[in-house]
Structure formats: structure tokens, C-alpha cells
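Work through the exercises below with the coordinates open. Each task is followed by a solution in steps.

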Amino acid sequence: MRSFVLREGRLTPGQERAFAELWPRFGVDYAPQVLDPGELFGNRNPVFVEIGFGNGESLAAMARANPQRNYLGIEVHRPGVGHLLLKLEEDRSSNVRVMRHDAVEVFANMLPAASLHGVYLFFPDPWHKKRHHKRRILQPAFIDQLARVIRPGGRFHAATDWEDYATQMMQSLTEADQLFENTAGTGAFVPRPDERPLTKFERRGLRLGHEVRDLVFVRRE
Ligand SMILES: C[S@@+](CC[C@H](N)C(=O)[O-])C[C@H]1O[C@@H](n2cnc3c(N)ncnc32)[C@H](O)[C@@H]1O
């Protein structure tokens with residue numbers, strides 16, 4: 001059961017070029033083999049992962065604002081990945097790596113235990129029909145994976161404009177109380193953290209009059 005349906009869409013000529021020329025610089029191919037983040041980034045700076053970065057604007061902005069941190073972006077949508085590659089070239093970025101693969105498999109097979117300082121999940125596909133809820137990425141099994149790869153003191157930050165998904169996330173994370181502590185206090189959402197740039201899907205949600213909710217949890221020691 002995947003959390004996405006691939007609608008490939010056409011690549012612009014710029015995005016085609018990005019895959020040909022920039023993938024060797026920024027791209028990481030999927031292989032069911034554990035990564036060494038130090039080797040991947042060429043340094044031991046803290047590593048943050050963004051799951052489902054869409055067009056990558058938020059990831060690029062966070063990477064620009066925090067050059068002393070490393071970022072790994074994981075997204076399945078090719079045009080979005082191409083868009084980010086072009087942005088990284090423009091920014092002359094050196095602290096971002098990109099994967100085009102199912103994040104669930106990347107977490108399960110490639111990320112070492114306690115290797116991340118933070119994971120971002122901004123506006124995940126809401127799968128709003130009840131019969132599709134099982135496709136939502138934030139399930140208890142995935143929370144266990146998050147707990148495995150986030151180091152003690154590291155953070156998981158999610159945002160959504162779908163009220164019932166926010167409620168479900170809150171419930172599942174609260175149930176994982178031995179693993180994660182809510183930074184806002186039990187059951188509470190946090191005010192929009194400054195570090196989260198406005199994303200494309202957030203703008204869309206706001207246009208539709210949706211309220212945005214942020215959840216920030218810390219991996220317990
Ligand atoms: C609603 S969009 C939000 C995009 C972006 N975060 C934003 O706020 O603009 C959700 C994104 O997650 C991606 N996605 C869904 N499941 C994924 C998975 N298992 N691995 C990687 N990307 C995934 C989709 O391709 C889509 O681009």
C-alpha cells in the first residue's frame with residue numbers, strides 16, 4: 001500500500017536537462033543498502049530529511065538558511081524533483097541531496113539508526129476519503145521507523161491543512177508516547193514555527209480557507 005499514486009506529468013526542457021546534468025551532483029539512487037551520511041555529504045554536519053518535498057521550494061529555502069546543516073529530500077514526483085535540482089543549481093547549494101523514491105522504503109532500507117537530527121513532513125497527501133485513509137503515510141509502523149532513525153533529542157515536524165489528518169497524526173504520535181514527546185504539551189499543536197517556509201500546498205490550503213496545524217515532537221532519550 002503506497003502513500004502516493006504516480007502522475008508523472010511532463011518535464012520541462014529545463015527539468016530534462018537537470019536530470020541529465022545535475023542528478024550526478026545532487027541525486028542519490030535508491031538501493032536497499034544502508035547509507036553513510038558522512039560519506040554522502042562529505043562532512044558530519046547534522047542531517048535533516050524532508051519527505052514529499054513537492055517542488056522543493058521549502059527544502060531549498062531551509063538549506064539556504066542553514067548552511068551548517070545537511071538536507072536529504074525524498075520525493076517521487078519527477079517534475080518536482082527536476083524543479084528542485086534547478087533551484088539547487090541556482091543556489092549553488094552544497095548541503096542538499098535528493099532521492100526520487102518512496103520515502104517509506106528509503107527509511108526502512110537506507111537510513112541508519114539514530115542518524116537524523118530532524119524529519120519534516122509538510123502537507124502530506126491527505127487521502128481524505130475514509131476508504132483511502134490507510135494510504136496516509138503517517139501510520140504507526142512509519143512512526144516506529146521515524147523513532148528508529150531520529151536520534152534522541154531530534155525532531156519530527158509535520159504540518160497539514162486537513163483537520164482530520166491533523167487529529168489522526170496527533171492521536172498516533174500521542175500513542176507513541178514512549179518514543180516521542182510533544183513539544184507543545186500533550187494533545188497541543190504548535191504555533192507555525194518560523195523555520196517552516198510557506199509551501200505550495202500550504203498556499204493552496206490557505207486559499208481554500210483551511211486552517212494549518214503544525215505538530216513538533218522530540219525523540220525521547
Ligand atoms: C500534497 S503534496 C505536498 C508537497 C509539499 N510538501 C508542499 O507542501 O507543497 C505531497 C507530496 O508528497 C509526495 N509523496 C507522497 N508519498 C510519498 C512517499 N511515500 N515518498 C516520497 N514522496 C511522497 C507526493 O508526490 C507529493 O508531491
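**Exercise 1: Polar contacts of the ligand**

In this predicted model, an oxygen atom of the ligand lies 2.6 Å from an N or O atom in the side chain of T199. Task: find which residues place a polar side-chain atom or a backbone N or O atom 2.8 Å from a nitrogen atom of the ligand.

Solution. Step 1: search the side chains; a polar side-chain atom of D102 is 2.8 Å from a ligand nitrogen. Step 2: search the backbone; F122 has an N or O atom there, 2.8 Å from a nitrogen atom of the ligand. Step 3: compute the cover; of the 600 Å² of accessible area that the ligand has on its own, the protein covers 93%.

**Exercise 2: The shell**

Task: state how many residues surround the ligand and sort them by class.

Solution. Step 1: count the residues within 4 Å of the ligand; there are 19, and the closest are S3, E75, D102, F122 and T199. Step 2: sort the shell, which gives nine nonpolar, six polar and four charged residues. Step 3: locate the site; the ligand sits in the largest pocket.

**Exercise 3: A salt bridge of D102**

Task: identify the residue with which D102 forms a salt bridge, and state which parts the pair ties together.

Solution. Step 1: list the salt bridges; the structure holds 16. Step 2: select D102; its partner is R2, with the closest N and O atoms 2.7 Å apart. Step 3: place both residues; D102 is in the loop between strand 3 (96-99) and helix 6 (103-109), and R2 is in the segment before helix 1 (13-21), so the pair links parts 100 residues apart in sequence.

Notes. Residues numbered from 1 in each chain as written. Predicted model: local features only at pLDDT ≥ 70, side-chain atom pairs only at ≥ 80, totals over all residues. Heavy atoms only, no water. Polar contact = N/O pair within 3.5 Å; in protein donor to acceptor, adjacent residues only side chain to side chain. Areas by Shrake-Rupley, 256 points an atom, 1.4 Å probe, with all protein chains shown as cover. 1 Å grid on protein atoms, 1.4 Å probe; cavity = no way out; pocket = protein on both sides within 12 Å on 5 of 7 lines; lining within 4 Å. Sits in = over half its atoms within 2 Å of the grid points. Nonpolar A, V, L, I, M, F, W, Y, C, P; charged D, E, K, R; others polar. Salt bridge = Lys/Arg side-chain N within 4 Å of Asp/Glu carboxyl O. Helix = DSSP H or I, 4+ residues; strand = E, 2+ residues; numbered from the N terminus.
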